Amino acid sequence: MASSLPSAAVLGARAFAALEGLNRFTDEPGKLTRLYLSPAHRQAAEWTKGAMEVAGLSAFIDAAGSVQGRREGPVPGGPCVIIGSHIDTVKDGGRFDGNLGVVAGILVAQALRDAGIALPFALEVVAFGDEENVRFPTHLSTSAALAGAYDPAWLEARDAEGVRLSDALLAFGGNPGGIAALARKPGSVTAYLELHIEQGPVLEVENEPVGIVTAINAQRRARVLVSGEAGHAGTVPMSLRKDALTASAEMALALETIAAAHAQAVGTVGVFQVSPGAANVVPGRVEFTVDFRSPSNAVLASMEAAIRDRFGEIAARRGVAVDIAVYTNAPAVPMDGGLQEALAAGVARAGGNVAARHLPSGAAHDAMAMAALCPAAMLFVRNEKGISHSPLENMTEGDAGIAIRVMLEAVLELARRAA
Ligand code: HGY
Ligand code: MN
Ligand code: MN
């Protein structure tokens with residue numbers, strides 16, 4: 001059976017060629033920016049649907065904007081294994097984050113079809129559309145839709161231009177009223193597998209091409225609004241100011257100190273909007289985001305308490321008001337042990353002296369949402385210096401091929417177990 005399957009080198013070349021096609025679609029020429037429900041997302045979804053069909057999957061773009069492809073198993077409508085990831089990106093993002101995992105799923109399906117290998121279950125590939133949650137204050141909304149955990153309040157969420165998610169979804173060609181029906185029945189999905197770049201330095205430092213994810217860190221995100229008093233930059237004495245920017249800056253540094261005080265925790269202020277935003281006006285209002293994460297839910301809870309404490313103290317001392325609105329609260333998610341073993345078997349069968357290195361994920365992934373529906377596991381692949389969420393994100397074709405071959409072998413391992 002293995003001899004009729006493409007080599008890692010062939011799979012790597014195919015993956016890079018496919019990514020070339022998929023990554024033509026961007027909302028910012030010269031950069032890779034493909035936010036949820038944007039015109040580029042629609043084009044990328046259409047391209048993905050076509051690529052799935054070429055690989056022998058029957059495919060469609062679903063009500064929430066994800067692309068679903070399926071190759072039936074022996075029982076029409078029977079249980080399936082899903083290989084998934086996302087095709088939305090951050091602003092000015094990298095070519096591999098999410099996109100590689102979707103292309104990998106398509107190539108695995110194509111290789112099995114070409115080799116005439118029948119599986120004892122249906123095989124699905126899903127390209128989720130809202131994993132980055134950059135445009136709207138949501139959390140893994142399109143994979144949550146499949147897992148039956150879609151929050152209807154997300155439909156009222158607004159982007160930076162004030163566009164409602166439901167309106168953007170209708171304009172995209174989606175159907176807000178059809179999202180609830182996307183929820184899969186418990187037991188209908190026997191496994192979810194995701195291939196993703198590590199977005200961290202461990203595999204490169206340890207000179208390993210792939211790694212098996214043990215758990216995905218807990219994550220919380222909040223919008224912080226600091227309200228002070230706008231004033232004339234030339235006339236308001238320093239002692240009388242209620243400067244929203246300097247207060248927010250002190251809060252950002254306080255977050256940094258709180259995160260640094262907890263091993264393996266991280267804290268980031270990624271968006272910082274100052275108004276009115278004129279050189280000769282003391283800023284009256286600042287809105288910024290806080291993203292903090294840890295392997296431990298308990299640590300995250302104590303970090304949130306410390307953040308509320310410190311931000312409140314800074315606001316009181318500076319005479320400004322502060323409002324902290326948490327909109328994401330995702331506990332840590334362990335990856336399924338049995339599927340981790342299937343991935344380890346895939347690593348062993350894929351050949352080469354590749355070790356089955358296990359490691360946690362600091363980044364969030366659709367696997368977090370899918371784990372609420374079915375056993376979920378992730379395979380990491382080495383990427384250059386672990387750089388991600390950046391146009392400098394890079395990896396080798398060889399590593400992509402090894403990782404996709406491991407995924408292929410892991411699916412065959414699941415088939416052997418199910419037979
Ligand atoms: O933010 C994250 O961890 C993921 O890349 N969306
Ligand atoms: Mn990702
Ligand atoms: Mn990402």
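Start by selecting D97 together with ligands 2 and 3. Both ligands are manganese ions, and D97 bridges them across a gap of 3.4 Å. Keep in mind as you look around that this is a predicted model.

**Stop 1: the ion labelled ligand 2**

Stay with ligand 2 and show the side chains of H86, D97 and H196. These three residues coordinate the manganese ion, H86 and H196 each through NE2 and D97 through OD, at 2.1 to 2.3 Å. If you like to follow things along the sequence, the donor spacing here reads H-x10-D-x98-H. Now colour by secondary structure: H86 belongs to strand β3 (residues 80-86), while D97 sits in the loop between β3 and α3 (99-114), and the two are 11 residues apart.

Are H86 and D97 buried or exposed? Switch on a surface to look. H86 is buried, with a relative accessible area of 0%. D97 counts as buried too, at 5% relative accessibility.

**Stop 2: the ion labelled ligand 3**

Shift over to ligand 3 and add E132 and H389 to your selection. D97 turns up again here, giving an OD atom to this manganese ion. E132 is listed twice, each time through OE, and H389 coordinates through NE2. The distances for this ion run from 2.1 to 2.7 Å. Along the sequence, its donors follow the pattern D-x34-E-x256-H.

Next, trace the chain from D97 to H389. D97 is in the loop between β3 and α3, and H389 is in the loop between β16 (376-381) and α11, so this pair ties together parts that are 292 residues apart in sequence. With the surface on, check H389: at 44% relative accessibility, H389 counts as partly exposed.

**Stop 3: α3 against α11**

Both helices came up in the last stop, so select α3 and α11 as a pair. Their axes come within 10 Å and cross at roughly 55 degrees, so α3 and α11 are oblique to each other. The crossing, as α3 passes α11, is right-handed.

Which residues of α3 and α11 make the contact? On the α3 side, pick L100, A104, L107, V108, A111 and L112. On the α11 side, pick A400, I404, M407, L408, V411 and L412. Colour them by residue type and you get 12 nonpolar, no polar and no charged.

**Stop 4: α9 against α11**

Keep α11 (residues 397-418) on screen, hide α3 and bring in α9 (residues 337-349). The axes of α9 and α11 come within 7 Å and cross at roughly 120 degrees. These helices are therefore oblique to each other, and α9 passes α11 in a right-handed crossing.

For the contact itself, select G338, L339, E341, A342, L343, A345, G346, V347 and R349 on α9. Then add V406, M407, E409, A410, E413, L414, R416 and R417 on α11. Colouring by type here gives 9 nonpolar, 2 polar and 6 charged. M407 is worth a click, since M407 is part of the contact with α9 and also part of the contact with α3.

**Stop 5: a glycine in a loop**

Finish by selecting G277. Its place is in the loop between β10 (272-275) and β11 (281-282). Turn the surface back on: G277 is exposed, with a relative accessible area of 59%. For a last distance, pick the C-alpha atoms of G277 and G162. These residues are 115 apart along the chain, and their C-alpha atoms are separated by 19 Å.

Terms used: Residues are numbered from 1 along each chain as its sequence is written. Chains are lettered from A and ligands numbered from 1 in the order in which they are written. This is a predicted model: local features need pLDDT of at least 70, side-chain atom pairs count only at pLDDT 80 or more; totals for chains, interfaces and linings use all residues. Side-chain values use heavy atoms; hydrogens and water are left out. Axes are lines fitted to C-alpha atoms, for helices over the stretch in contact, and angles run from 0 to 180 degrees between N-to-C directions. Helices (H or I, at least four residues) and strands (E, at least two) are DSSP runs, numbered from the N terminus. Angles under 35 degrees count as roughly parallel, over 145 as roughly antiparallel, 65 to 115 as roughly perpendicular and the rest as oblique. A crossing is left-handed if the near helix is turned anticlockwise from the far one by less than a right angle, and right-handed if clockwise. Contact means heavy atoms within 4.5 Å. Ala, Val, Leu, Ile, Met, Phe, Trp, Tyr, Cys and Pro count as nonpolar, Asp, Glu, Lys and Arg as charged, and the others, Gly among them, as polar. Donors are N, O and S atoms within 2.8 Å of the metal (3.2 Å for Na, K and Ca); water is not among the atoms, so sites may look incomplete. Buried means under 20% relative accessible area, exposed over 50%, partly exposed in between (1.4 Å probe, protein chains only).
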